[in-house]
Amino acid sequence: MGQGIIMSTQTLNSIASKELYLQYDWYKNTFPPIVQQSSDEFFLPGIRFDLMGISKNINILMDKDSYFVTKIRIDKQYDMFFRSSEEAISLILDRTLGKSNKSFSLNKITDLEAKIITAFNDYMFKMISKYLNPPPQNELRRTNFDVIHLTFVIKDIEEQKFGKFIISLPAALLNPTDIVSKNQKFDNTTFKTSTLDVKIRIGSTKFSMYDLKNLDIEDIVIFDNSNTKSMTLIIDDYEKEIKLNPNLGLITPIDNNNGGVNMGANNLWDSIEVEMNAEFDAVKITLGDLKNIEDGMVVDLTSIYDNKVTLKVENKIIARGELVIINDRYGVKISEITTQQDNTSVAALDEFEVDDGHTEDEPILEVSEEEAPPADQQDEEFDYSDFELDDEDI
C-alpha cells in the first residue's frame with residue numbers, strides 16, 4: 001500500500017495563513033493524539049511526537065534536510081504523504097533494531113529498514129484516515145490540490161535524540177473548526193488616548209561644509225526635501241508618512257538678504273556637501289493618532305509645532321531652532337548652535353529660553369559634571385575633523 005522514496009528538499013518559502021491561525025486548536029487536538037497512539041502501539045512507548053508547526057502548501061520546516069517519503073493513495077484524486085527526516089529514521093531504527101555502531105545514512109537505507117518505516121506509516125495512515133472526510137465524488141480531475149503539512153518533532157525519551165516527521169493531508173478531506181471566543185473580546189480602543197514617544201522627521205537638505213561652519217543664530221535653513229503637507233513618523237526602524245494640514249501660523253516672510261548662508265566656498269574642503277536632517281525632539285503621540293496615520297488620514301498634530309527642532313548631520317547634533325514655513329517648504333530658524341570648531345564653541349546663547357516648566361523668577365537647576373549623564377547617553381556633537389582630508393586625498 002505504501003511506497004517508499006527518497007527526496008532531497010529545496011529552499012521553500014513560507015505562506016502566512018489567517019485561516020490556519022484560527023484553526024490551529026482543532027489540528028492540535030485532533031492529530032497529535034492519533035500520531036502518538038500509533039507510535040506507542042507500533043513501537044511501544046518511548047518515542048514522543050510533539051506538534052511543531054502547521055503550514056499550507058509550502059513548509060519551510062522541510063528546508064535543509066533530506067527525507068524518506070511514503071506516498072499512500074486515498075483514492076484516484078487524493079494522496080497522503082509521510083516524510084521522515086534522516087535523524088528521525090535513525091532514531092526509530094535504533095529503537096526497533098538496536099543501536100548500530102555505524103552512523104545512519106539515508107542514501108544507504110536497506111530494504112529491511114525501509115520496510116519498517118513504510119509499515120509504520122501504513123499503520124498510522126489507517127489510524128488517521130478514520131478522521132478524514134470521504135473524498136468528493138463529483139471531481140473529475142485534480143484541481144486546487146491544497147495540502148496541510150503537520151510537522152512533528154520526534155524524540156527518543158531515553159537517548160535524547162531528535163528528528164522531524166511531517167504528515168501532508170489533502171485539505172479537501174479535512175473539516176477543521178475555527179476558534180470561537182466564548183468571552184467578551186478585548187477592546188483595543190481603550191488605548192486610543194495612551195501616548196507613545198516617537199521621532200518626526202521634517203525634511204532634509206544638502207549643506208556645504210563652508211555654510212555649515214558659518215551657521216549662526218537667527219539664520220534660517222530651508223529644507224529642500226520637505227513638504228508642508230507631510231512629515232515622516234519614525235518608531236525604531238519603522239517609517240510612515242504623516243499627512244498634515246499645514247500650520248499657516250508658521251509662515252515667515254523672507255527677503256533675499258535673510259535665510260541660510262550663501263557665502264562661497266574657497267577650497268575643496270569647504271565645498272564638500274553633507275546631508276542635514278531636521279527632526280523634532282522627542283514627541284508624544286496618542287495611539288489613536290497613530291492608528292489614523294496608518295489609515296492614511298490627515299492628522300492634526302498642531303501641538304508638535306511648539307517643540308524644538310534639532311538639526312543633525314551624520315546623526316550628530318548641529319543646532320536647534322524653531323520651525324517656520326517658507327513658501328511650500330519647511331525651514332528652521334536657528335536659536336542655538338551646538339557645533340564645535342577648534343575645540344571652541346562657534347556660537348553660544350547668552351539668553352536661551354528653555355521650556356522646562358520654570359517661570360522667570362525660578363532658578364534653573366544646573367547639572368554639575370559629576371552629575372552629567374554618561375557620554376554614551378548624550379547626543380554626540382558634530383566634529384568637523386570627521387570630514388578633514390589628508391593632503392594626499394586632495
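Which residue stands opposite S84 in β6? In this predicted model, the partner is F165. The contact belongs to a pairing of strand β4 (residues 79-85) with β6, where the two run antiparallel and are joined by 4 bridges. On its other pairing described here, β6 meets strand β5 (residues 147-156), again antiparallel, through 10 bridges. One of the facing pairs is L150 with I167, the latter sitting in β6. Getting from β5 to β6 takes a hairpin with 4 residues between the strands, and Q160 in that hairpin adopts a positive phi near 60 degrees. Strand β6 itself spans residues 161-170, and because 8 of its 10 residues are buried, the strand is largely enclosed by the rest of the structure.

A comparable picture can be drawn around strand β16. This strand covers residues 329-337 and is mostly covered, with 7 of its 9 residues buried. Strand β15 (residues 316-326) runs antiparallel to β16, and 8 bridges hold the pairing; within it, L323 has V332 of β16 as its bridge partner. The β15 and β16 hairpin leaves 2 residues between the strands, and N327 there takes a positive phi near 55 degrees. Strand β8 (residues 220-222) also pairs with β16, in the antiparallel sense and over 3 bridges. Here I222 is set opposite G331 of β16.

The loops on either side of these strands are worth a look too. Upstream of β15, N315 sits in the loop that follows β14 (309-313). N315 is not a glycine, yet its phi is positive, at about 65 degrees. For a backdrop, most residues other than glycine have a negative phi. N315 counts as exposed because its relative accessibility is 60%, where the cut-off is over 50%. On the far side of β8, N225 lies in the loop leading to β9 (230-235). N225 is likewise exposed, at 53% relative accessibility. The C-alpha atoms of N225 and S204 are 5.1 Å apart, although 21 residues separate the two along the chain.

Turning to the helices, α1 runs over residues 18-43, which makes 26 residues. From first C-alpha to last, α1 reaches 36 Å, close to the 38 Å expected at 1.5 Å a residue. The axis of α1 is not straight throughout: there is a bend of about 50 degrees at Y24. Just after α1 comes L44, with a positive phi of about 75 degrees. L44 is another non-glycine residue with a phi of this sign, and its place is the loop between α1 and β2 (47-56). With a relative accessible area of 58%, L44 is exposed.

Helix α2 (residues 86-97) has 12 residues and an end-to-end C-alpha reach of 16 Å, close to the expected 16 Å. Its buried residues are A88, I89, S90, L91, I92, L93 and D94. Just after α2, the chain passes through G98, whose phi is positive at about 95 degrees.

Helix α3 takes up residues 111-129, 19 residues in total, and reaches 26 Å between its first and last C-alpha, close to the 27 Å expected. Many names appear on its buried list, including E113, A114, I116, I117, T118, F120 and N121. Also buried in α3 are D122, M124, F125, M127 and I128. As general background, an α-helix has 3.6 residues a turn, so residues three or four places apart point the same way.

That leaves the question of empty space. The largest pocket comes out at a volume of about 350 Å³. It is lined by 15 residues, and those closest to the pocket centre are S100, K102, S103, F104 and E113. E113 is thus named twice, since it also belongs to the buried residues of α3. What about the source of the lining? Helix α2 supplies the largest share, with 5 residues. Sorted by class, the lining is made up of 3 nonpolar, 6 polar and 6 charged residues.

Technical notes:
Residues numbered from 1 in each chain as written. Predicted model: local features only at pLDDT ≥ 70, side-chain atom pairs only at ≥ 80, totals over all residues. Heavy atoms only, no water. 1 Å grid on protein atoms, 1.4 Å probe; cavity = no way out; pocket = protein on both sides within 12 Å on 5 of 7 lines; lining within 4 Å. Points joined across faces, edges and corners; volume = space filled by probe spheres on them. Nonpolar A, V, L, I, M, F, W, Y, C, P; charged D, E, K, R; others polar. Buried < 20%, exposed > 50% of the residue type's maximum accessible area, 1.4 Å probe, protein only. Pairing = 2+ DSSP bridges. Expected span 1.5 Å × (residues − 1). Bend = angle between axes of the 7 residues up to and from the residue.
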